[in-house]
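Reader: I've got a model open on my screen and would love a guided close look at one part of it. Could you walk me through a strand and its neighbours, with a bit of context first?

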Amino acid sequence: MDIRAYAKINLGLDITGKRENGYHELRMIMQQIDLYDVITIEAEPEVSGNDDIGTITLTCSEPSLPTDEGNIAYRAARLLFEEFRITDSIDINIEKNIPVAAGLAGGSADAAAVLVGINEYFGLGLSDEELMERGVRLGADIPFCIMGGLAYAGGIGDELVPLGAIEGLTVLLAAPDTAVSTKWAYDRYDELKEEEIIHPDIDNLRAAIEMEDFGCVPEFLGNVLEYATIPDNPDIARIKDVMMSNGAAGALMSGSGPSVYGLFVDADRAARVFDILAEEGIVPEDRIYLVGLVGGDWT
Ligand code: ATP
């Protein structure tokens, strides 16, 4: 069984507080994009006759990623194996296409795809909501990756409201070849003073989408984590400048960065800016992507 694990971008990301357990209160608009890892699941029937859970074997095309408990996709498989006492053994392969630690939720997408895939493969009968309840124990972005498409996210990112689909915009995504740790970015953000921050207008961004006023979406893009990540990663600002000065309707860092995307009304123009970015050499050409937006029903 092959499953696509789609990356996401944030059209909006605001931080409104911090809980006692350290989690941040968020208000986000998340959008899946047509850049995906491929998760392949194959099972071997159990032969030993004992009640132990089966062996989970993970392989990954990206050698820098762990293939044991350190991989969130492995932990997702084990969660369901333990709960449902699955005794068959399973091989999971991740063909990694989503840049790692880039603000694109690649790990969360892989974990979500494994939950969805194992549920289907072994006929566990869990609904999407039930999968989301399990996914959030592993990571706050996983429920969105299970639901897919476009959504408003409140709480710690797990209270989701689906938002239909945006039409008529092309995404040009550039992932600088540096990793940004999500924890580092949030820690940096916590050191900032409130008066230094202009919060994005998530309400109007959401309203523009709900009223299908897609031409207004670019002007309401905003991500407060830019304040945390850009000072140490000035290429993000340079890429935004290149995109905006060459016709993007809007440009923003995704998640905790360093990925940056531009939204273009004109797909040809987006393709030209792809070439300009590649020539500028700020981002390796194989880390620049022209991608579409993914609608809701992705499984
Ligand atoms: P987010 O946007 O959710 O904060 P991200 O896109 O910035 O996440 P990921 O690519 O999900 O970051 O990876 C974050 C870290 O998680 C990596 O440094 C990596 O070591 C670890 N990791 C564990 N499993 C995976 C996986 N399957 N894919 C990617 N990273 C993984």
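Reader: To start with the context, about how much area does the chain expose, and what share of it do carbon and sulfur atoms supply? After that, please zoom in on strand β4 and the strands it pairs with.

Author: Sure thing, and keep in mind that this is a predicted model. The chain exposes about 13,000 Å², with carbon and sulfur atoms supplying 45% of that area. As for burial, 51% of the 299 residues count as buried. The radius of gyration is 19 Å, which agrees with the value near 19 Å for a compact globule because that is what 299 residues would give. If you rotate the C-alpha trace onto its principal axes, it spans about 65 × 45 × 35 Å. There are 9 helices and 11 strands to find your way around. Among contacts with a separation of 6 or more, 74% link residues 24 or more positions apart. On the charge side, the chain has 20 positive and 54 negative charges, and the mean positions of the two sets are 5 Å apart.

Now for the close-up. Strand β4 covers residues 89-95 and has two contrasting faces: I90, I92 and I94 make up the covered one, while S89, D91, N93 and E95 lie on the uncovered one. That every-other-residue pattern is easy to follow, because side chains in a regular strand alternate between the two faces of the sheet.

Two strands to look at beside β4 are β2 and β3. Strand β2, residues 24-44, runs antiparallel to β4 and is joined to it by 7 bridges. A handy spot to find this pairing is E42, which stands opposite D91 of β4; D91 belongs to the uncovered face. Strand β3, residues 56-60, pairs with β4 in the parallel sense, over 5 bridges. Here you can look for C60, whose bridge partner in β4 is I94, a residue of the covered face.

For contrast, hop over to strand β9, residues 250-253, where both faces are covered. G250 and L252 are buried on one side, and A251 and M253 are buried on the other. Strand β9 pairs with β10, residues 260-264, in the antiparallel sense over 4 bridges, and L252 stands opposite Y261 of β10. The two strands form a hairpin with 6 residues between them, and G255 in the turn has a positive phi of about 55°.

Definitions and conventions
Residues numbered from 1 in each chain as written. Predicted model: local features only at pLDDT ≥ 70, side-chain atom pairs only at ≥ 80, totals over all residues. Heavy atoms only, no water. Buried < 20%, exposed > 50% of the residue type's maximum accessible area, 1.4 Å probe, protein only. Pairing = 2+ DSSP bridges. Rg over C-alpha atoms; globule rule 2.2 N^0.38 Å. Contact = heavy atoms within 4.5 Å. Areas by Shrake-Rupley, 256 points an atom, 1.4 Å probe, with all protein chains shown as cover. Lys, Arg positive; Asp, Glu negative; His and termini not counted. Charge placed at Lys NZ, Arg CZ, Asp CG, Glu CD.
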